[in-house]
Each structure stands twice: as structure tokens, then as C-alpha cells.
Amino acid sequence: MTARAHPGPASAKTQIAAPARSLRHRAGIRCMLLALMAILAGIASASAQPKFPTLTGRIVDQANLLNAEDRTSILALLREYEAKSSDQIVVVTLPTLQGYPIEDYGYQLGRAWGIGQKDVDNGVLLIVAPNERKVRIEVGRGLEPQLTDLMSGLIIERTILPAFRRGDFSGGILAGVRDIRDTLAGDAQAVKERWSIYRTRQDQADREEAILTFLVFAAFVAFVVWMQYREAKRMRANPHDRKRRGGGIIVAPGGWGGHGSWPSGGGGDSGWSGGGGDFGGGGASGSW
């Protein structure tokens, strides 16, 4: 039998070194791929940032929801409260959220604008996006103990949204800002009392509307019955006229409906800027 040749020392070293080089090569490629993925992720993250409007003052009304009177009242209220407390409250209305959830847009906008004082983080944003029918109160980190998520949600549900559902965006924003201010000032009880008064008035208004609706309906039914009775009486008194009319009974006088119509139910803030505050996502959102 022919003896099998055994590899010498040099051949054995070559066989061992080849797999080692292959492993190092694969590791290098893996590191390059990971680095490339990190770069691409960073680029994607940067490009995914929403485009924010310019901070032109305490009120940025891009959706044109505020009338002149309420705008002046809100601006005066915000200036006065900031002078007393250093807390910064900003109202922003947006034509679009650019496809972002209002929660994501809100805290990123607060950070981008730096609302609130640096290292105090005492800023609040009231954000309204009418096209998406969304509203949010975004609260800076430093004010979360005073303006809690629960209280923010109650202000939205009990003060802002009822006005929005009536189509009163300007009044709803003004009332919401007032509730935010009072809550931050430690007067949440006054806010709750206003809610109680409003609920009582709303209940009374609902009852009055129900009664009025019933009376209008009853009056209409009585009118129809009376017209039918009058026409029937006239037909009995003039049977020939009934034949000419084909025996029909007129329910309502000619021209009813279709011809009438029913009545249908300040200053600038240039030079102001945020103080470098931060946001952590505290607050509450609502929709209508």
C-alpha cells in the first residue's frame, strides 16, 4: 500500500490562517454594513422631522381661527401671566399636522421652539389642527405636577371641545387658555366651578331646546289638522268645487316652503421668543 503523505508544518499553518482571514474579512464587512445602516437611519430620522412654522409670538394662528377681539384678549392674558410667573403659554393653530400624530408633533414643536425657561421647562402649548379635528395641550416637564395629564384632558373635554363642536373655535381657544392659566396659577377650583355653572346652563338650554322643539312640532301638527278640517268643511259646503278639484284635500297652502329662508341658528408680539424649555410628552389630546 502506498503511504499517505502528511502535511508538513508550513502547510498546517496555511490551513489554519485561511479560516482566520475569512472570519476577519466577514467581521470587517459586518462592521461596514452596521455603520452604513446607522448612517442611513440617521439620515432617515433627520428627514422624518416635521416642518415647524416660525415662532412669531405667543400666538401663531396659521389656520386663522381667532377673531381680532379674542386674539387681543388672549395675548394680553398670556403677557400678563408670563410677567407674573415666567411660565410661557403659546397658542398655535395649524392647517396640517403633516401626517404626524398630534402627540408626536406637539412635544417636538415645543422642543424646537424652546417654549419655557431653560432648566425650568415651564412652557405650555395649546395646539389646534382643525383639518384633522385635533387639539392638544402640550405641557413642559416642569409644569406637569400643576397641569397634570388628567386636568389637561378635562380642560379639553369640558371647555374647548364643546365650543369647537358649536363652531366657535375662537371662543373655545380663549376659554381653554383661561383655564390653563388659572390651573397653573393654583386656582383649579375656579375652573371646576366654571365647569359646574356651564353644565347647569347647558342642561337648562337642552331642556329649553327640547320643549321648544316639541311646541314647534305640536303647532305644525295642529296647523295641518286645522287645514284638513277647513278644507273638508269647504268641500261639504261646495260639492261641485270638490268635483272640479278631483276630490283632493289640500294639506298646506300654496307656496309653503322653498320661498322663505330660516335665520342661521390685538396687537403684535414681535421680538418674543421661547427661553429654551424642554418637553417630555406630558399633556392630553382630544378630537371632535
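Which residue of strand 3 is the bridge partner of Q88? The partner is G123. The legends below treat this predicted model view by view.

**View 1. The whole chain holds seven helices and five strands.** Along the sequence, the elements follow the pattern α-β-α-β-α-β-β-α-α-α-α-β. The protein chain has 288 residues, and 34% of them are buried. Its accessible surface comes to about 17700 Å². Carbon and sulfur atoms account for 58% of that surface.

**View 2. Five strands build an open sheet in the order 1-2-3-4-5.** The pairing is mixed. Strand 1 (59–61) and strand 5 (279–287) stand at the edges. Each has a single partner strand, so one side of each is left without a neighbour in the sheet. On average, neighbouring strands are turned by 15° against each other, direction ignored. In general, strands of a sheet pair through backbone hydrogen bonds, in either the parallel or the antiparallel sense.

**View 3. Strand 2 and strand 3 run parallel.** Strand 2 covers residues 88–93, and strand 3 covers residues 123–129. Six bridges link the two. One pair to look for is Q88 with G123.

**View 4. Strand 4 pairs with strand 3 and with strand 5, antiparallel in each case.** Six bridges join strand 3 to strand 4. Seven bridges join strand 4 to strand 5. V139 is a useful landmark here. In strand 4, V139 is the bridge partner of V124. V139 also stands opposite G282 in strand 5. Strand 4 is mostly covered, with six of its seven residues buried.

**View 5. A hairpin connects strand 3 and strand 4.** Four residues lie between the two strands. R133 sits in this loop, ahead of strand 4 (134–140). Its phi is near 60°, a positive value in a residue other than glycine. Most residues other than glycine have a negative phi. Is R133 buried or partly exposed? R133 counts as partly exposed because its relative accessibility is 42%.

**View 6. Q98 also has a positive phi, about 60°, although it is not a glycine.** Q98 lies in the loop between strand 2 and helix 3 (102–113). Its relative accessibility is 33%, so Q98 counts as partly exposed.

**View 7. Helix 5 (residues 169–184) is largely enclosed by the rest of the structure.** The reason is burial: 14 of its 16 residues are buried. How far apart are the end C-alpha atoms of helix 5? They are 22 Å apart. At 1.5 Å a residue, the 16 residues should span 22 Å, so the two values agree. D168 caps the N-terminal end. There, a side-chain oxygen of D168 lies 2.9 Å from the backbone nitrogen of G171. After the helix comes G186, with a positive phi near 85°.

**View 8. F164, F169 and W288 form one aromatic cluster.** The structure holds four aromatic pairs. One of them joins F164 and F169. Their ring centres are 4.9 Å apart, with 45° between the planes, and the pair is tilted. F164 counts as buried because its relative accessibility is 2%, and the cut-off for buried is under 20%.

Conventions: Residues are numbered from 1 along each chain as its sequence is written. This is a predicted model: local features need pLDDT of at least 70, side-chain atom pairs count only at pLDDT 80 or more; totals for chains, interfaces and linings use all residues. Side-chain values use heavy atoms; hydrogens and water are left out. Two strands pair if DSSP finds at least two bridges between them. Axes are lines fitted to C-alpha atoms, for helices over the stretch in contact, and angles run from 0 to 180 degrees between N-to-C directions. Buried means under 20% relative accessible area, exposed over 50%, partly exposed in between (1.4 Å probe, protein chains only). Accessible areas come from the Shrake-Rupley method with a 1.4 Å probe; for residues, only the protein chains shown count as cover. The expected span of a helix is 1.5 Å times one less than its number of residues. A polar contact is a pair of N or O atoms within 3.5 Å; within protein, one must be able to donate a hydrogen and the other to accept it, and residues adjacent in sequence count only if both atoms are side-chain atoms. Rings of Phe, Tyr and Trp (its six-membered ring) pair if their centres lie within 6.5 Å; planes under 30 degrees apart count as stacked, over 60 as edge-to-face and the rest as tilted.
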